[in-house]
Amino acid sequence: MYKILKAENIADKIYLMDVEAPRVASHCEPGQFVIVKMDEKGERIPLTICDYDREKGTITIVFQTVGASTEKMAKLKAGDSFQDFVGPLGRPSEMVEEDLEELKKKKIVFVAGGVGTAPVFPQVKWLYAHGIECDVIVGAKNKDLIILEDELRAIAGDNLYITTDDGSYVRKGMGTDVLKDLVNNQGKKYDRCIAIGPLIMMKFVCLLTKELGIPTIVSMNPIMVDGTGMCGACRLQVGDEIKFACVDGPEFDGHLVDFDQAMKRQQTYKTEEGRAMLKLQEGDTHHGGCGNCGND
Amino acid sequence: MDVMKKVPVREQDPNVRNKNFDEVCLGYNLEEAKAEASRCLNCKNARCIQGCPVSINIPKFIAEVKEGNIAEAYNVISESSALPAVCGRVCPQESQCEGVCVRGIKGESVSIGKLERFVADWARENGITPKGADKKNGKKVAVIGSGPSGLTCAGDLAKLGYDVTIFEALHEAGGVLVYGIPEFRLPKQTVVAAEVENVKKLGVKIETNVVIGRSMTIDQLLNDEGFDAVYIGSGAGLPRFMGIPGENANEVFSANEYLTRSNLMKAFDDEYDTPIARFKKVAVVGGGNVAMDAARTALRLGAEVHVIYRRSLEELPARAEEVHHAKEEGIIFDLLQNPTEILTDDKGNVTGIKVIKMELGEPDESGRRRPIEIPGSEYEMDVDAVIMSLGTSPNPLISSTTKGLEINKRKCIVAEEETGKTSKTAVYAGGDAVTGAATVILAMGAGKAGAKGIHEFLSNN
Ligand SMILES: Cc1cc2nc3c(=O)[nH]c(=O)nc-3n(C[C@H](O)[C@H](O)[C@H](O)COP(=O)(O)OP(=O)(O)OC[C@H]3O[C@@H](n4cnc5c(N)ncnc54)[C@H](O)[C@@H]3O)c2cc1C
Ligand SMILES: Cc1cc2nc3c(=O)[nH]c(=O)nc-3n(C[C@H](O)[C@H](O)[C@H](O)COP(=O)(O)OP(=O)(O)OC[C@H]3O[C@@H](n4cnc5c(N)ncnc54)[C@H](O)[C@@H]3O)c2cc1C
Ligand code: SF4
Ligand code: SF4
Ligand code: FES
């Protein structure tokens, strides 16, 4: 059993938990994920590692309630446990294995969308901890859905740019608008963009960065079962190759990923009925890509 | 009783069982087992023993069954096999022990598998378990993977006094026995969990949710965690796809995914959260045991099922009994045919499959006649799901994260057959990870060899 030490509702439908998992905490790196299973009858749910404490042996996860399993998970409290908690899975972010001196010469920008801010966080933290500054753009539908702002501000200071779709906080517009503004109007030059968020958002970031000529890495979140390369549920078309996100990724060259196919595949287990329900329940927090909402 | 024929085994009626997940074959009772045992000629030069990859002393155990000494029969089997309740159920007996049985020359071979299963089930029901070591020898061995190979290796080493820990990536122990082979062929709770429990009773620790190569590397096991040797029994779990258009459509699954959802995650049971869609008409591509299992699972979930296989009935690699059962249950075999494309609608959902007919040409390297496409014979079949069952290869997760571990061009770990020794000191391997997808009994045999190899290595160190 893997004990939950902290459970917080940090924004509308978004939850943060610290979980005791010493084996995972001792070996994980930014970019990797875990799979959790609540109980005997639960699903295996993949979640990115948002933060880790090697000494305490804990892992921080942040998740949004989107369906039956995540709804159930949101009800867990500090003191409860996950029956299973496996990881770290997937490959660490490219930066972890890169030559530090080379990396220091690069100008990196992150574009985070909604709950995608969570997986961006450990990467930003890692870079600053290694003395590398980077820019971070965080976008969300509205003010209530901005997460980890204080934590990121403490690390990235003025290099953090926040935007909301409806203009309810800081500025109005999407992450792509901010990126365009920084490059076109504020003279910023980037060698690499790392975009993490809903598929539809990553798709549009990639269209933009292709235009701007910025190599872009995205973190994919297809449906998964085992997370060890055994089932192929997580397969993606990347360039002319089929990749398994759980072992070859989850990070890929965004300019090669077939997002349209990935968006279709993510719908496999969502019935017409379920999708309608989802839109209803999620209301304003609906993060697109459900296949029923025209990707808004 | 006709001595030329096997004592028939009781089975669930095909029209009942094709709607449930309970075991198809009900096995022998004591009377039936004794009657079948009496058909064995107790040959001096027993060919059946040579047909068994782990050389169970078949005439000896059968003689005990004939006398009604089932506990004794169990001891005979236990000398050679750690998982008799499993092997009795899933070994391809027709090409192993029973395939060479003398009785088979004029009539039907002795039902060795069913007798073995009877003995193992009897032992379990009567609480007979294998005995562990009296004394620990203080040496630690890590076993990667809890499939038949890992379980056997761990059990043998524990009996020799080693402190053994199995590391398993999934949340449940058993390997293919829990995630691949369906409940209706191999009951998970009564049979597999009981066999795993037996291994634990020998003192073996099983740590689930640890992915070697990610959670820890082999070098860390040896250097940081204090293990003296490692056995890799990680199987061949990486599914293959055909590379035809439409293969990434939503309702195209690897057999591994489909079976894992149904078996490991118990998606067929509504009480469990993992979803599995119910389809009207399903095409299963391939002809091995895995294809049969996927097809019969889809059937039980309510679909009309077509098995599409590019060669003829004779070349079907699945166990004869499974093919027979599949036919009885109503699976449709579309033989000498091969898919060329999967058809979809604009949402990426499967609407059909395009198939071309084949004929058999000259034998290829495998000795089987090569299937050749018949030009212009393509046709389309409406289906709402496709399950790809084209074989698997070893997962590169371990080989790519272990320096000095040699693999061959099929991505299999290179290991000596008699000892399991690999190119890396203190690291041994066996089972599907070494041979590529094979059988339970071969994986078990390799686990035994690995245990022997590790014991020799650590005794001399
Ligand atoms: C590598 C990876 C990292 C992830 N990291 C995070 C994270 O940090 N925070 C977070 O909130 N979410 C994350 N997700 C998505 C999260 O796993 C899904 O939101 C969750 O599985 C939905 O489950 P559900 O039963 O509540 O939803 P339902 O909509 O009821 O799900 C139905 C089925 O679809 C699958 N499914 C639905 N949506 C997704 C999805 N987006 N991704 C994968 N499977 C899906 C589920 O497995 C389930 O079988 C990640 C996914 C992956 C693959
Ligand atoms: C659907 C299906 C039906 C079959 N039917 C039959 C049959 O009827 N008769 C027969 O004889 N054979 C059958 N087989 C083949 C047989 O099951 C295999 O040959 C056998 O299970 C191989 O045993 P193994 O121990 O080598 O590997 P596996 O059983 O594959 O076990 C390997 C284990 O290692 C774990 N693992 C993998 N990588 C790691 C890692 N990095 N870290 C930790 N753990 C890891 C896996 O999760 C798995 O549990 C079938 C196979 C399938 C898939
Ligand atoms: S283990 Fe398999 S091959 Fe050996 S006797 Fe038993 S059924 Fe036959
Ligand atoms: S070959 Fe057949 S008849 Fe002879 S000992 Fe073996 S099982 Fe009995
Ligand atoms: S999740 Fe099964 S192969 Fe990736």
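Me: What makes the shell around ligand 3 divide into nonpolar, polar and charged residues the way it does?

Reply: In this predicted model, the shell splits into 9 nonpolar, 2 polar and 1 charged. Cys, Ile and Pro count as nonpolar, and the residues around ligand 3 include Cys52(B), Pro53(B), Ile56(B) and Ile441(B). Glu counts as charged, so Glu116(B) belongs in that class. Gln is not named among the nonpolar or charged types, so Gln93(B) and Gln96(B) are polar.

Me: Why is the pair of Phe82(A) and Phe85(A) called tilted?

Reply: The angle decides it. Planes under 30 degrees apart would be stacked and those over 60 edge-to-face; here the planes are 45 degrees apart, so the pair is tilted. The centres are 6.0 Å apart, and the limit for a pair is 6.5 Å.

Me: How do you know whether Phe82(A) and Phe85(A) are buried or exposed?

Reply: Buried means under 20% relative accessible area. Phe82(A) is at 0%, so it counts as buried, and Phe85(A), at 1%, counts as buried too. Ring pairs also link these two with Tyr2(A) into a cluster.

Me: Why is the pair of Phe167(B) and Phe227(B) called edge-to-face?

Reply: Their planes are 85 degrees apart, and over 60 counts as edge-to-face, so the name follows. The centres are 5.8 Å apart, again within 6.5 Å.

Me: What makes this a link between distant parts of the chain?

Reply: The two residues are 60 apart in chain B. Phe167(B) is in strand β4 (residues 163-167), whereas Phe227(B) is in the loop between α12 (218-223) and β6 (229-232). Both Phe167(B) and Phe227(B) are buried.

Me: How do you know that Lys140(B) lies over the face of Phe227(B)?

Reply: Distance is one part of the test: Lys140(B) is at 4.5 Å from the ring centre, and the limit is 6 Å. The other part is direction, within 35 degrees of the ring normal. Lys327(B) is also placed over a ring, that of Phe333(B), at 5.9 Å from the ring centre.

Me: Which UniProt annotation covers residues 139-447 of chain B, and how much helix and strand is there?

Reply: The unreviewed UniProt entry gives "domain: FAD/NAD(P)-binding" for that stretch. Over these residues the chain is 27% helix and 25% strand, with the end C-alpha atoms 18 Å apart. For residues 17-127 of chain B, the unreviewed entry has "domain: Dihydroprymidine dehydrogenase"; there the chain is 52% helix and 3% strand.

Notes
Residues are numbered from 1 along each chain as its sequence is written. Chains are lettered from A and ligands numbered from 1 in the order in which they are written. This is a predicted model: local features need pLDDT of at least 70, side-chain atom pairs count only at pLDDT 80 or more; totals for chains, interfaces and linings use all residues. Side-chain values use heavy atoms; hydrogens and water are left out. UniProt positions are given in the numbering used here, feature names are shortened, and annotations may be inferred rather than shown by experiment. Helices (H or I, at least four residues) and strands (E, at least two) are DSSP runs, numbered from the N terminus. Buried means under 20% relative accessible area, exposed over 50%, partly exposed in between (1.4 Å probe, protein chains only). A residue is near a molecule or strand if one of its heavy atoms lies within 4 Å of it.
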